[in-house]
Every structure is written in structure tokens, then in C-alpha cells.
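Student: Please take one part of this model and go through it closely. I would like the helix packing in a single connected account, with the cut-offs stated.

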Amino acid sequence: MTTNQIAFLALCNEYCAAAETPAFDDARDLAWRMLRLLPRIYICASDIRADADAIPDTFIAPALDERHYDEVRHRLEAVLGEDDTYLEVFEQDMKYSDTPIGASIAEGLADLFQVFYNAVEALRDAPDELADDIFASISDDFASYWSQTLCNVMRPLNHILNN
């Protein structure tokens with residue numbers, strides 16, 4: 001594994017620990033802690049580059065069950081309270097709608113938790129040759145899915161922290 005891959009894995013593990021057992025005082029404390037991790041995860045993930053010829057063909061098996069996901073989401077919702085809902089402007093349907101589209105910070109954070117948890121579990125005992133394929137899949141998923149979730153959730157977290 002490269003230094004950046006190790007850093008990414010360590011940040012994912014730190015994020016999972018924070019989201020799984022939140023010891024947050026309030027929504028502002030949660031926002032502060034998440035905003036310390038999420039930009040660093042984004043940078044590491046964007047720096048992970050698979051070989052130019054490598055096409056991600058490794059499926060990262062889900063390690064997180066629905067019950068665990070829901071527990072994390074509900075804990076985060078409880079901390080965020082009324083600050084959990086925000087207006088999403090990057091939703092595809094938004095450009096065709098006159099009605100604002102609401103989103104949940106807790107759900108976005110739980111979705112990221114699921115990605116990071118599955119990645120950590122997949123990489124835990126993976127041999128180096130499989131780890132490269134897993135990182136190629138993570139990089140592909142980052143570009144096509146979860147980078148947008150990460151960016152979207154940072155905006156309302158920033159609002160909570162600074163208002």
C-alpha cells in the first residue's frame with residue numbers, strides 16, 4: 001500500500017469510530033469533528049490513482065448490515081436534532097422542480113459511514129494485489145457517487161459550525 005492509501009484507510013477508520021460511537025456535546029461539536037475529517041478524506045481519496053490500465057472489477061462486499069447503519073444514522077439524527085434537515089441544491093430533480101428538496105445530514109454521514117466501513121473491512125486482511133483492486137474500486141466509487149455526498153454534507157455542517 002502507498003502512503004496515501006494508508007492515510008486514507010486511517011482516516012476512514014477514524015471517521016467510522018467517530019460516527020459509530022458519537023460522544024458529541026451537540027450539533028456544533030459534531031459539525032466541528034466531521035469538518036476536521038471529511039476534507040482530509042476527500043483529498044486522500046482524490047489522490048488515490050489506480051493504474052491507468054486498471055479497470056475496477058473488484059466488488060466491495062457489504063460488511064455493514066442495515067441494523068448497524070440505522071443505529072449510526074439515528075444516533076447522528078439525535079445529536080443534530082432540528083439541524084439535521086437542509087435544502088439540497090445538487091439533486092438532479094431540483095432543476096425540474098419548483099419545490100425545495102430536503103436532505104438529511106445524518107443520512108449523508110451514515111451513507112459515508114457505510115462506504116468507509118465497507119472499505120476498511122475489505123482492506124483489513126486483503127493481500128497487496130487485491131488491495132490495489134479494492135482501491136481502484138474505491139476511486140471509481142468516489143468519482144461516481146460518494147464524493148458528491150461528502151461535498152453536499154459539508155455545506156450544512158459548515159453552516160451549523162459557523163452560525
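**Packing around helix α5**

Tutor: Helices α4 and α5 are roughly antiparallel (an angle over 145 degrees; under 35 is roughly parallel, 65 to 115 roughly perpendicular, the rest oblique). The model is a predicted one, in which local features need pLDDT of at least 70 and side-chain atom pairs pLDDT 80 or more, while totals for chains, interfaces and linings use all residues. Residues are numbered from 1 along each chain as its sequence is written, and side-chain values use heavy atoms, without hydrogens and water.

The label for this pair follows from an angle of about 155° between α4 and α5, whose axes are 9 Å apart. Axes here are lines fitted to C-alpha atoms over the stretch in contact, with angles from 0 to 180 degrees between N-to-C directions. The crossing of α4 with α5 is left-handed (near helix turned anticlockwise from the far one by less than a right angle; clockwise is right-handed).

Helix α4 itself covers residues 105-123, and its end C-alpha atoms are 27 Å apart, which agrees with the 27 Å expected for 19 residues at 1.5 Å a residue (1.5 Å times one less than the number of residues). Of these 19 residues, 14 are buried (under 20% relative accessible area; exposed is over 50%, partly exposed in between; 1.4 Å probe, protein chains only), so α4 is mostly covered. At its N-terminal end, Ser104 acts as a cap, with a side-chain oxygen 3.3 Å from the backbone nitrogen of Ala106.

Helix α2 (residues 27-47) also packs on α5 (residues 128-162): their axes come within 9 Å and cross at roughly 150°. Therefore α2 and α5 too are roughly antiparallel to each other, and α2 passes α5 in a left-handed crossing. The contact of α2 with α5 has 20 nonpolar, three polar and one charged residues (nonpolar: Ala, Val, Leu, Ile, Met, Phe, Trp, Tyr, Cys, Pro; charged: Asp, Glu, Lys, Arg; polar: the others, Gly among them).

Leu11 is placed in helix α1 (residues 3-20) and counts as buried because its relative accessibility is 7%. Its C-alpha atom is separated by 8.7 Å from that of Leu38, 27 residues apart along the chain.

For the whole protein chain, there are five helices and two strands (DSSP runs numbered from the N terminus: H or I, at least four residues, for helices; E, at least two, for strands). Along the sequence they follow the pattern α-α-α-β-β-α-α. Of the 163 residues in the protein chain, 42% are buried.

Note on methods:
A polar contact is a pair of N or O atoms within 3.5 Å; within protein, one must be able to donate a hydrogen and the other to accept it, and residues adjacent in sequence count only if both atoms are side-chain atoms.
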